[in-house]
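The following note concerns the aromatic side chains of the structure shown below. It is arranged as numbered points for discussion.

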Amino acid sequence: MEITLSRATIDDAQELHAMQVESFKELLEKYQDFDTNPGNESMEKVAARLKQDFTFYYFICIGQKKAGAIRIVDLKENGKNKRISPIFILPEFQGKGIAQKAIRLCEEIHGNENWELDTILQESKNCYLYEKMGYRRTGKTEVINERLTLVFYEK
C-alpha cells in the first residue's frame, strides 16, 4: 500500500477538522480530556493553525483516499525541535502501519533530527510506535486528569 502526503491549505480546514474529530472521538470518550484532546478542538482553531507560517498540515493518503492527517510545527531554526502535533488516522485505517510511514515521510521532508511529540502514556500502542521509530522519553510527564497522563518524547 503506497502512502503519500498531500499538503493541506486553509480551504481544507473543515475537512481536516471533521477527520480530527472522528479520529479522536474514542479517546475523548475514554479519557474525558476535553481541554487537551484534539477531537474537542474547534474548527476555528484548526483554521488558525493552517494560517501559521510555521505549521505544515498534510493529509495522509492511500491512493486517492484520505486516511488521516499530520501537523508538523517547523520554525526552521537551527537547534529548535520540530513538533508532531497532532497526527491522526481515521478509525477504519488504524493498525495498518500508516502513521509510521507518514512520520517517516515527514522526517524526509523536514529533516531527520530534532523532533518532539507527546502522547497518552496509557495508550501503550502509541508509546510503542514512537519508541520503535527512535523517539525517546524525555522524562517529562503531565497529568491531565485521573485517567490520562501525557508523556513527552524527543528524537
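1. A charge is taken to sit over a ring if NZ of Lys or CZ of Arg is within 6 Å of the ring centre and within 35 degrees of the ring normal. In this predicted model, the charged end of Lys 140 meets that criterion over the ring of Phe 152, at 4.3 Å from its centre.

2. Lys 66 provides a further instance: this residue lies over the face of Phe 59, with a distance of 4.1 Å from the ring centre.

3. Turning to contacts between rings, three aromatic pairs are counted. One of them joins Phe 24 and Phe 88 in an edge-to-face arrangement, with 5.9 Å from centre to centre and 65 degrees between the planes. Phe 24 belongs to helix H1 (residues 13–31) and Phe 88 to strand E4 (residues 82–89), so this pair ties together parts that are 64 residues apart in sequence. Both Phe 24 and Phe 88 are buried.

4. Tyr 130 and Tyr 135 also form an edge-to-face aromatic pair; their centres are 6.2 Å apart and their planes are at 70 degrees. Are these two rings buried or exposed? Buried means under 20% relative accessible area. Tyr 130 has 7% relative accessibility and therefore counts as buried. Tyr 135 likewise counts as buried, because its relative accessibility is 0%.

5. The tyrosine pair should be read together with a further residue: Tyr 130, Tyr 135 and Tyr 153 form one aromatic cluster.

Terms used. Residues numbered from 1 in each chain as written. Predicted model: local features only at pLDDT ≥ 70, side-chain atom pairs only at ≥ 80, totals over all residues. Heavy atoms only, no water. Phe/Tyr/Trp six-rings, centres within 6.5 Å; stacked < 30°, edge-to-face > 60°. Helix = DSSP H or I, 4+ residues; strand = E, 2+ residues; numbered from the N terminus. Buried < 20%, exposed > 50% of the residue type's maximum accessible area, 1.4 Å probe, protein only.
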